[in-house]
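Trainee: I am new to this structure and would be grateful for a close look at a single part of it. Please take one region and set out its surroundings in a connected account.

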Amino acid sequence: MIMKRSLLLLFLIITMLTSALAGCGTQKPTETGTDVEPTSDAAPTGSQPVSQTGSGVIVVYFSHTGHTKPLAEYIRDELNADIYEIEAKVPYTDDDIKYYTDCRADREQKDPSARPEIAGELPDLSKYDTVFLGYPIWHGQAPKIIYTFLESADVSGKTVIPFCTSASSPVGSSAENMHSLAPDAVWKDGTRFAIGTTKEEIKEWLKQYDLKGKENVKDDIEPIRQTCVLVIEANGKIFYANFENNSSAEALKEKLNSGAITVDMQDYGNFEKVGTLPWDLPRNDTQITTEPGDVILYQGNRITIYYDTNSWNFTRLARIGNATKDELLAALGNGDVSVKFSLEWGE
Ligand SMILES: Cc1cc2nc3c(=O)[nH]c(=O)nc-3n(C[C@H](O)[C@H](O)[C@H](O)COP(=O)(O)O)c2cc1C
């Protein structure tokens, strides 16, 4: 009994010390850990809809005194993830979490059937394949409201990555004990973080999951796999050009994928219209004798449309296949001309 009391005293001292130390970081919990300090702007909560970033990753967390919350937000920021805060329908008061006083939290943690209700709507998890699940350690385990979440939201088939904060306890069995609540999820090992863990430490921890890479592949490569043509519009007339197979053309596609550009072009040499691009493109220069309809990259940052022939060392970007000199000149005119370049995607 004396032994048990001493252990309890030691635990409470550690808790108070870590809480006090945490005040030097981004959070300022009181000694009893009952202050809720808002950490950042627009994090959606249980009663708000979750914004959709399309990253396939959501951070779901419960944080009563505000230690776990900043870690959840670091993960959100690093992975461009969505975030959802679990809030109790009946909010926990300061007295409810004064642990070792037979407070509400103490009783819930002891009661295997306790499932505190969640406020507001649950997030629609169908758009996510990875769920980071954050919680504080309460008597060695996840708070029972996390159990409510796992039994109400459908995490089957999703990768669930538990993380927690505590005064001193390790993650222990807290993560494994949740597996039976969602047996069809793909569970990763749980990780415990000290109160006041920094953004840099979270960034390091996240590297093992390689989730940023996955997101980039989705954003950057998929559109380029489709075929597209270069649309050239001048004085209300439109020409379609097929791209060359080189890195210059690929770079132009990638740039135009973000939006059309309009280039002011001047007549030069009685064989081309030439104008400056808003960016430099990689060069694949080679000796070319142009034909009417060639779209050429000159010196890496100028685009030319040829309506006649010329020989020079430059890079072909695309070619209007079926336009004659007269048709091109009818659209481009004899002098300066404003030309719009855009993409049109096909199968
Ligand atoms: C009811 C309750 C029980 C707790 N039990 C433990 C525990 O067993 N071990 C521990 O190290 N910390 C324990 N703590 C401290 C919290 O785990 C710690 O303060 C945590 O960082 C709080 O996270 P939050 O601010 O996100 O709610 C407990 C706190 C409460 C309120």
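**A helix and its surroundings**

Mentor: With 10 other C-beta atoms within 10 Å, D111 is exposed, because a residue counts as exposed when that number is 12 or fewer. The model is a predicted one, and this residue offers a convenient way into the part to be examined. D111 is found in the loop between α3 and β3. Its C-alpha atom is separated by 9.0 Å from that of K144, although the two are 33 residues apart along the chain.

K144 leads to the helix itself. K144 is one of the buried residues of α4, a helix that spans residues 144-152. Seven of the nine residues of α4 are buried, so the helix is largely enclosed by the rest of the structure. Beside K144, the buried residues are I145, I146, Y147, T148, F149 and L150. D111, by contrast, is exposed, whereas K144 is buried.

What, then, covers the buried residues of α4? The cover includes β1 (57-61), α3 (104-110) and β3 (130-136). Two of these elements have already been named, since the loop that holds D111 lies between α3 and β3.

The ligand may be considered next. There are 23 residues around the ligand, and among them S63, T65, H67, T68 and P136 come nearest. The elements that give two or more residues to this shell are α2 (68-79) and β4 (159-166). By character, the shell divides into 14 polar residues, eight nonpolar residues and one charged residue. P136, one of the nearest residues, falls within the range of β3, which also takes part in covering α4.

A strand elsewhere in the chain is also mostly covered. Strand β14 comprises residues 311-320, and seven of its ten residues are buried. Several strands pair with β14. Strand β8 (residues 237-243) runs antiparallel to β14 and is joined to it by three bridges; in this pairing, F243 has A318 as its bridge partner. Strand β11 (residues 286-289) is likewise antiparallel to β14, with four bridges between them, and Q287 is partnered there by N313. Strand β12 (residues 294-298) pairs with β14 in the antiparallel sense over four bridges, and L297 stands opposite T315.

To return to the starting point, D111 is exposed and belongs to the loop between α3 and β3, while α4 is largely enclosed, as seven of its nine residues are buried.

How values were computed:
Residues numbered from 1 in each chain as written. Predicted model: local features only at pLDDT ≥ 70, side-chain atom pairs only at ≥ 80, totals over all residues. Near = placed C-beta within 6 Å. Nonpolar A, V, L, I, M, F, W, Y, C, P; charged D, E, K, R; others polar. Buried ≥ 20, exposed ≤ 12 C-beta atoms within 10 Å, placed from the backbone. Pairing = 2+ DSSP bridges. Contact = placed C-beta atoms within 7 Å.
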